[in-house]
Amino acid sequence: LEAARAAGMLSMVHCEDSELLAAAARRLAAQGRTSLAHYAESRPVIAEVAATEAAISLCESTGAPIHIVHLSSARALEVCGAARQRGLPVTVETRPLYLHHTIERLTGPDGPLYVGQPPLRERADLEALWAGLADGSIDVLATDHAPWTRAQKLDPQLSITNLKPGMSDLQFMLPLYFSEGVGKRKLPIERFVATTSTNAAKIFGLHPRKGVIQPEADADLVIWDPKAKRTIRADDDRSRADYSIYDGWEVTGWPMTTVRRGEVVTNDGELTAAKGSGKLVRRTPWKPA
């Protein structure tokens with residue numbers, strides 16, 4: 001991390017303590033409970049908390065910035081909040097899975113479809129994450145897109161130590177977030193934009209070329225219909241996944257047109273960009289705010 005700081009690099013950290021996870025897996029194996037029905041027990045909240053504390057300790061020791069990804073629990077968020085109050089360069093990211101589902105989804109025959117790392121948490125954790133997105137203690141909402149098929153996720157050979165984590169949610173992340181956050185929870189539209197665009201551009205050295213509308217910035221825009229009603233269907237997923245954990249969910253608010261560098265690249269769900277028209281954007285080194 002000291003070398004990373006010297007080079008102006010940002011370290012992204014998934015926080016789960018491997019020793020605590022291994023100990024939990026050993027206890028469950030000794031009891032013969034290795035199926036994915038016991039997945040949540042195999043990756044307890046304390047493992048996330050311990051790893052978050054360890055990462056922040058390294059950050060405090062070296063001064064190197066860290067970006068916590070996949071944050072799933074209120075307790076881990078509290079650790080990050082305390083670090084930020086001390087002025088440490090810590091940024092936080094969560095993902096859609098933890099905003100829309102809770103631990104109960106892991107039970108039953110379709111439970112493996114909801115397996116992610118870390119696992120789903122309690123309702124109180126879900127509410128804490130929504131509060132964090134609203135009050136600024138969570139900087140970014142980002143997908144951990146993993147387009148497994150239903151058959152792959154429900155493979156009976158999978159276990160608490162042999163699994164296929166994640167699910168397809170890239171395509172529906174923003175409509176779900178807008179509908180639940182802006183529409184139902186009255187999340188300010190400014191926070192919606194910050195947590196899905198501006199903050200990430202700043203954290204990863206792309207601002208002010210990305211993440212803002214102003215002269216000299218790329219003309220990257222989304223034209224959004226806040227009143228459009230849609231029903232999410234697994235059949236509409238353009239990835240190789242053949243299921244969706246949001247299948248049948250009704251949302252209000254939908255992206256209609258996407259503009260990249262001033263060019264319309266999608267319109268009403270159809271891709272209009274020319275193949276190969278994307279460009280690599282060079283990031284600038286991290287520097288303290």
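**View 1. The open sheet of the predicted model.** In this predicted model, 4 strands form an open sheet, with parallel pairing and the order 1-2-3-4. Strand 1 (11-14) and strand 4 (140-141) are the edge strands, each of them pairing on one side only. Strands of a sheet pair through backbone hydrogen bonds, either parallel or antiparallel.

**View 2. Strand 3 beside strand 4, with helix 5.** Strand 3 (residues 90-94) runs parallel to strand 4 and is joined to strand 4 by 2 bridges. Within this pairing, Thr94 of strand 3 stands opposite Leu141 in strand 4. Helix 5 (residues 74-85) lies across strand 2 (66-69) and strand 3. The helix runs at about 155° to strand 3.

**View 3. The largest nonpolar core and the surroundings of Leu71.** The largest nonpolar core has 52 residues. Ile56, Ile68, Leu71, Val90 and Tyr177 are those with the most contacts inside this core. Leaving aside neighbours within four places in sequence, Leu71 is in contact with Glu48, Ala76, Leu77, Cys80, Val92, Glu93, Thr94, Tyr98 and Leu129. Another core, of 5 residues, lies apart from the largest one; among its members are Leu10, Val140, Ala142 and Phe204.

**View 4. The Phe178 and Phe192 pair.** The count of aromatic pairs comes to 6. In one of them, the ring centres of Phe178 and Phe192 are 5.3 Å apart. The ring planes stand at 85°, and over 60 degrees counts as edge-to-face, so this pair is edge-to-face. Phe178 lies in helix 9 (residues 173-184) and Phe192 in helix 10 (residues 189-203), so the pair ties together parts that are 14 residues apart in sequence. Phe178 is buried, at 7% relative accessibility, and Phe192 is buried with a relative accessible area of 7%.

**View 5. The Tyr246 and Trp249 pair.** The rings of Tyr246 and Trp249 have their centres 5.3 Å apart. Their planes are at 85°, so the pair is edge-to-face. Tyr246 is buried, at a relative accessible area of 0%, whereas Trp249 is partly exposed, at 26%.

**View 6. An aromatic cluster.** Trp130, Tyr177, Phe178, Phe192 and Trp224 form one aromatic cluster. Tyr177 is also among the residues with the most contacts inside the largest nonpolar core. Phe178 and Phe192 are the edge-to-face pair of View 4.

Key. Residues are numbered from 1 along each chain as its sequence is written. This is a predicted model: local features need pLDDT of at least 70, side-chain atom pairs count only at pLDDT 80 or more; totals for chains, interfaces and linings use all residues. Side-chain values use heavy atoms; hydrogens and water are left out. Rings of Phe, Tyr and Trp (its six-membered ring) pair if their centres lie within 6.5 Å; planes under 30 degrees apart count as stacked, over 60 as edge-to-face and the rest as tilted. Buried means under 20% relative accessible area, exposed over 50%, partly exposed in between (1.4 Å probe, protein chains only). A nonpolar core is a set of buried Ala, Val, Leu, Ile, Met, Phe, Trp, Tyr and Cys residues joined through side-chain atoms within 4.5 Å. Contact means heavy atoms within 4.5 Å. Two strands pair if DSSP finds at least two bridges between them. Axes are lines fitted to C-alpha atoms, for helices over the stretch in contact, and angles run from 0 to 180 degrees between N-to-C directions.
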